[in-house]
Amino acid sequence: MIQMHALYVFLAVAGLLVAIFIYVASSTRHARDIDSHAAYGIRTKFFLVLLGVLVVGLGLTLGKTPYPKENEIPAKVVFVVGKQFSFGLSDSPISNDEEYESSTYSAPVQVPLDSLVEFRVTSFDVNHGFSVYSPDDHLIAQTQAMPGYVNRLRVRFTQPGRYTVLCLELCGMGHHRMRGVFDVK
Amino acid sequence: MPVPATAAPLLSEAEALKFRRMTLIWGITVLLLLPVLAALGYFMRLYQSEAFPSMKPEWFYAVLTLHSLGMVGVWFVGSMAGVSYLLLRYTRPSLRISKLNYWGTLLGVVLLIVCTLGGRFGTGWYFLYPLPLYSQHIWSPATTFTFFVALTILGLCWTIWCLDLLRAIAQRYSLAAALGWNYVAGKQGPEVPPLVLITTVSLIVGVSGFVAAVIVIALFAARALGVNVDPLLMKNLTFFFGHVLVNITMYLGVAMVYEMLPSYAGRPWKTNRVVAIAWDAVLLLILFAYFHHLYMDFAQPTWIQKFGQICSYLLSVPAGVVSIFGTLLLVYGSKMRWTLASTLFFLGIMGWGIGGIAAVIDSTVAVNFRFHNTLWVPAHFHTYYLMGVVLIILGFIDHVGKELSGLAENPWRSKLTVVLLLFGGYGFLSMFYWAGANSVPRRYATYPHEAAQGVLYARVAVGFITVLFFGILLYLWETGRRCLKALASA
């Protein structure tokens, strides 16, 4: 899971930083003069290493953004509307409150396993966060549901089961109970 | 080689006394608000621990709004008051403007309390358009109006304060000098302390953020008059303002460390070419790094999202290479006087660095896709706030309290304070990090079964916050006494 990898990277780098701070603080027990020329040399090396790490990081991650690629054709399109405090999901476009109400009560939408699925996400009122949780409760994908805009989120599901949509953008007093569901088969 | 700048007429002893008194009043006010606002955070984690099962969730969101706006505001004015005091060594900030800000800030805070605890206004700090207008009958239109009046008062006062400090700097330094361009060009020019350089950079950025906030408020007013407003534009403006306000608060804190830590380490810390280039780079990069708040708005052009990640990554270079490395170099092997203040400065820079690492990770689009609006976000900003700039400002208040009261500190109580703050603070933060990595959402009054483990993290966090609170109370007892004695004799 990418989240745990990120946590371990954070703990490793933060731990290194803390160790350096402890080392520097303990060095003041025995005061000594420092060679500023040598120190600036270390700073230059540190600068180059940090810059190198960041450039490599950019190179590895900038191509892995979740935004839709024009050359990909989704196998299935799901239309999504967020409104205080529920998500409506439907196989057909939702263009008014009546269709929205109907979509919140109808049977869960079904999407195919191992195929590219596109969610066309918008809102009829305020900003919501369309956040997809897997059957084992991990956040696997998200986009914002914003009034006046349609955000296209593309996901390839590799695990069958019932997925839950939670709202991750504060949208009012019912924010924490706003949800939607769909099935992957 | 830098040469001394043209001397501005500095304050008379009587004026300096008044300024010291004003600084103490600011410091004591910050110390009074700290436990109150921290208690609101304590309440939220208790609420998420299911300690108040019969209390309606709108109270959680109202408290969330007051806690976040209050904390951001208190540490901003705390850093401004600190920088104003330290700038007296080089310039003449206006005492009247500082007083105007004091009363304006108090009025704004009172109105915010009325809106949130009285009117249950619960949009979070960012009042994201158009949520304030969709209250579901929880808060009234009058409350929304009062909220925007409060923001307008605070925004106007703080803009005037920023402009006044820039005016004071401009009386002694040209803009080019204050931005260290003579150092960058390798030319002869006035000697510019890092405090002046960093303050200038921060306040220029700060004014641009406040302008964005004014536009947001004006567009809300336009919407109330029936004008169509673009939600994506509003989001960009809101996050630009919020990002800038939080970041300049940290930078002003770092500026204070540049100015004060050398007196404890017994070594100078001066502006040079690398320092000037680094902070000028911050001035540019900070304007575009805020795009990382909008990664999940797929309607935003992709090239802007990628540009946001590049700027966010690069922003860590000047901070890491110059300020954090500079702090370590200043302290390494020095005859450091370890007091409560100097320890908090040192630890504050460390906390800034740790929070920065988590922030850079989250500013990666591919990672943010899984972290956005989970508890990873409050994890990293609480790290560089609570364990960063807050420690620095608490160090500053302690430094001033000791300097002006003459009361010595008790080394054992100081050590205990630091241990409690570190153990309680980082323990509290660790629950945010673990929860974020396990997909627990932020800003949830209660957790659905998909995020049920959030309750456990909140309960453990409550234990750590209790320890943190003891640390805060011990700090308040020690430093508060010194500040009150100094105020009585000022």
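**Figure 1. The loop between strands E1 and E2 of chain A holds Phe85(A).** In this predicted model, strand E1 covers residues 76–83 and strand E2 covers 86–90, with Phe85(A) in the loop between them. Take a look at the backbone just before this residue: the peptide bond joining Gln84(A) and Phe85(A) is cis. Its omega is about 0 degrees.

**Figure 2. The loop between helices H3 and H4 of chain B contains Pro130(B) and Gln136(B).** Helix H3 spans residues 95–118 and helix H4 spans 141–172. Within the loop, Tyr129(B) is linked to Pro130(B) by a cis peptide bond, and omega there is near 0 degrees. Further along sits Gln136(B), which is not a glycine and yet has a positive phi of about 55 degrees. Is Gln136(B) buried or exposed? Gln136(B) falls in between and counts as partly exposed, because it has 13 C-beta neighbours inside 10 Å, and being buried takes 20 or more.

**Figure 3. Arg443(B) is found in the loop between helices H14 and H15 of chain B.** Helix H15 runs through residues 453–489. Arg443(B) has a positive phi of about 55 degrees, although this residue is not a glycine either. How many C-beta neighbours does Arg443(B) have inside 10 Å? There are 23, so Arg443(B) counts as buried.

**Figure 4. Helix H1 of chain A is covered in part by helices of chain B.** Helix H1(A) takes in residues 2–27, which makes 26 residues. From first C-alpha to last, H1(A) reaches 38 Å, close to the 38 Å expected at 1.5 Å a residue. Which residues of H1(A) are buried? They are Ala6(A), Leu7(A), Phe10(A), Ala14(A), Phe21(A) and Val24(A). A handy reminder for reading this view: an α-helix has 3.6 residues a turn, so residues three or four places apart point the same way. The cover over the buried residues of H1(A) includes four helices of chain B: H10 (302–331), H11 (340–362), H12 (365–371) and H14 (411–437).

**Figure 5. Chain B meets chain A through 64 of its residues.** On the other side, 67 residues of chain A take part in the contact. Several helices of chain B each bring at least two residues to the side that touches chain A, namely H2 (57–87), H8 (231–265), H10, H11, H12 and H14. Which helix gives the most to this side of chain B? That is H10(B), with 13 residues. By residue type, the side of chain B that touches chain A divides into 39 nonpolar, 17 polar and 8 charged residues.

Terms used: Residues numbered from 1 in each chain as written. Chains lettered and ligands numbered in written order. Predicted model: local features only at pLDDT ≥ 70, side-chain atom pairs only at ≥ 80, totals over all residues. Expected span 1.5 Å × (residues − 1). Buried ≥ 20, exposed ≤ 12 C-beta atoms within 10 Å, placed from the backbone. Contact = placed C-beta atoms within 7 Å. Nonpolar A, V, L, I, M, F, W, Y, C, P; charged D, E, K, R; others polar.
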